[in-house]
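Morning, everyone. I'd like to walk you through one structure today, so let's get it up on the screen.

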Amino acid sequence: MSKYDVTVIGSGPGGYVAAIRCAQLGMKTAIIEKYNTLGGTCLNVGCIPSKALLDSSEHYHNAETTFKEHGINLSNLKVDIKQMINRKADVVKQNVDGIAFLMKKNKIDVHTGVGSFKDKNTVVVTKSDGKTEELSTDKVIIATGSKPIELPFAKFDKKRIISSTEALELKEVPKHMILIGGGVIGLELGSVYKRIGADVTVLEFADSLIPTMDGSMGKEMKKSMKKLGMDVKLKHKVTKVENKGKEVEVTFETDKGKEETIKGDYCLVAVGRKPYTDGLNLEAAGLKTDDKGKISVDDNLKTEVDNIYAIGDVVRGAMLAHKAEEEGVFVAETMAGQKPHIHYKLIPNVVYTWPEVAGVGYTEEELKDEGKKYKTGSFPYKALGRARASMDLEGLVKVIADKNTDEILGIHIIGARAADMIAAGVTAMEYRASAEDVSRMSHAHPTYMEAVKEACLAATDNRPIHM
């Protein structure tokens, strides 16, 4: 029986980062992954492949819509969906191969198979051929991630009724994709196929797109998606989904309470994800999940069993790859006797549509609910010289600050490169900067980041320079 200081179950962003940090801190480390490639959902069927397709579709969309104005004339423009998918696969391979290299570099033992508990200090690895191997371990980190939520009336058949996984492997451009869910995953993948020629209908139960983000971002996102050509229907409740062979039929209640039916060739169900703990045999280790399928942990991410930790999508909090990474490092350093910290309110949230959406800190709705006094400042992209030069005029930056102290409480951006810009917001808020602090820092011209400075000026005392 192999003996380890720590065994990590799951090789997604949380798991592999935890394993690397444990190894860096001198622990003999093993990682267990049931699939033949490392990286989990994020690298194989999530963050990385979706961004590859988003970039490919954005290139095509720009070639079709804005290149001529830039003085670039193209003829016979067409989508090669096979090549687009092949390029995506190559991007994935490069990333997962990189994780395999990092495991070797850090002398981490990789065990391929399903990991399950025999007891709190013994993990069994069941390989694809049925053979088993037992690992003795002082500590365990559970990092098994999540999987798409399946609606009871819209079971995935992986042909016409699909999840995000199948949406990354389509062999054709859909004629009409019906999208259930107006959150991050749905809008990103809906954008991919809308840009390359599909009709896309979004059916969202809530009264806003990206409902977990600041309300103003949802409103701007709706404008952007409608401008792209999506048919966005809010406050619509889907009640039935049927595969009719070459098409799928979706029945829903409108915001007026009327029942209607639409048809398409694909229905993408993107209503969220749920923790994945199947096959772990948690009971053997003295663990169980709560009513949401999550594993309960304390402030140090330790479970009810003193040598077992859990991170990422299987525990409380947002299901974000970078949140899992932070937790992986946190647990490793805690095990080593260090005193790390995670400020959960300062973990950014991003939607990789175009324009991108990113936010960190409090939303305006949260502050209203808590009764906190605040002030806001915003600045539109269309007033930026850089945005005019790139023709990325959609969007705005919104800064929320404490009404009395001027400390920044939240930054929310919709616009070009928002995903990268939000890091500046995280930095400012980690150091508890005021809106005036940021407004007095020099920002290069011409850049998109000037909008952050101007929004801070607007929040400080309503004195933006360029508006």
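Which helix gives the largest share of the lining of the second largest pocket? That would be H3, with eight residues. Before I go further, please keep in mind that this is a predicted model.

Okay, let's stay with that pocket for a bit. Its volume comes out at about 890 Å³. There are 30 residues lining the second largest pocket, and the ones closest to its centre are Glu58, His61, Asn62, Trp354 and Asp392. In terms of chemistry, the lining splits evenly: ten nonpolar residues, ten polar and ten charged. As for the helices, H3 covers 47–65, H7 runs over 215–228 and H10 over 385–390, and each of them supplies at least two residues of the lining.

Let me pick out H7 from that group. This helix has 14 residues and reaches 20 Å from its first C-alpha to its last, close to the 20 Å expected at 1.5 Å a residue. Which of the residues in H7 are buried? Those are Gly215, Met217, Gly218, Met221, Ser224 and Met225. Worth having in mind here: an α-helix has 3.6 residues a turn, so residues three or four places apart point the same way. Right after H7 comes glycine 229, with a positive phi, near 115°.

Now back to Trp354, one of the residues closest to the pocket centre. Tryptophan 354 is joined to proline 355 by a cis peptide bond, with omega at about 5°. Proline 355 sits in the loop between strand E18, residues 349–351, and strand E19, residues 356–361. There's another cis bond to show you, between histidine 445 and proline 446, and there omega is about 0°. Proline 446 is in the loop that runs between helix H12 (435–439) and helix H13 (450–461).

What does the record say about this stretch? The unreviewed UniProt entry has a domain annotation, "Pyridine nucleotide-disulphide oxidoreductase dimerisation", for residues 347–455. In the model, that span is 34% helix and 28% strand, and its end C-alpha atoms lie 21 Å apart.

While we're on backbone geometry, let me show you a couple of positive phi values outside glycine. Aspartate 406 has phi near 75°, and you'll find aspartate 406 in the loop between strand E21 (396–402) and strand E22 (408–415). Buried or exposed, then, for aspartate 406? Buried, because its relative accessibility is 9%, and the cut-off for buried is under 20%. Then there's arginine 417, with phi near 60°, in the loop between E22 and helix H11 (418–430). Arginine 417 has 43% relative accessibility, so we call it partly exposed.

On to the binding site. Which residues does UniProt place under "binding site"? The unreviewed entry gives Gly181, Gly182, Gly183, Val184, Ile185, Gly186, Leu187, Glu188, Glu204 and Gly272. Those positions span 92 residues in sequence, yet no two of their C-alpha atoms are more than 14.4 Å apart, so they gather at one spot. Of these, Ile185 and Gly272 are included in the lining of the largest cavity.

I'd like to zoom in on two of them. Valine 184 is in helix H6, residues 184–195. Valine 184 counts as partly exposed because its relative accessibility is 25%. Beyond its sequence neighbours within four places, valine 184 makes contact with Ile210, Val350 and Val351.

The other one is glutamate 204, in strand E10, residues 199–204. At 9% relative accessibility, glutamate 204 counts as buried. And what is glutamate 204 in contact with, if we leave aside the neighbours within four places in sequence? There's Gly181, Gly182 and Gly183, and then Lys233, Leu234, Lys235 and His236. Notice that those three glycines are also on the UniProt "binding site" list.

One last stop, serine 163. Serine 163 is in the loop between strand E8 (161–162) and helix H5 (164–167). With 4% relative accessibility, serine 163 counts as buried. Its contacts, again leaving out neighbours within four places in sequence, are Pro148, Phe156, Leu268 and Val269.

That's my tour. Which part shall we put back on the screen?

Definitions and conventions:
Residues numbered from 1 in each chain as written. Predicted model: local features only at pLDDT ≥ 70, side-chain atom pairs only at ≥ 80, totals over all residues. Heavy atoms only, no water. 1 Å grid on protein atoms, 1.4 Å probe; cavity = no way out; pocket = protein on both sides within 12 Å on 5 of 7 lines; lining within 4 Å. Points joined across faces, edges and corners; volume = space filled by probe spheres on them. Helix = DSSP H or I, 4+ residues; strand = E, 2+ residues; numbered from the N terminus. Nonpolar A, V, L, I, M, F, W, Y, C, P; charged D, E, K, R; others polar. Expected span 1.5 Å × (residues − 1). Buried < 20%, exposed > 50% of the residue type's maximum accessible area, 1.4 Å probe, protein only. UniProt positions renumbered as here; feature names shortened; annotations may be inferred. Contact = heavy atoms within 4.5 Å.
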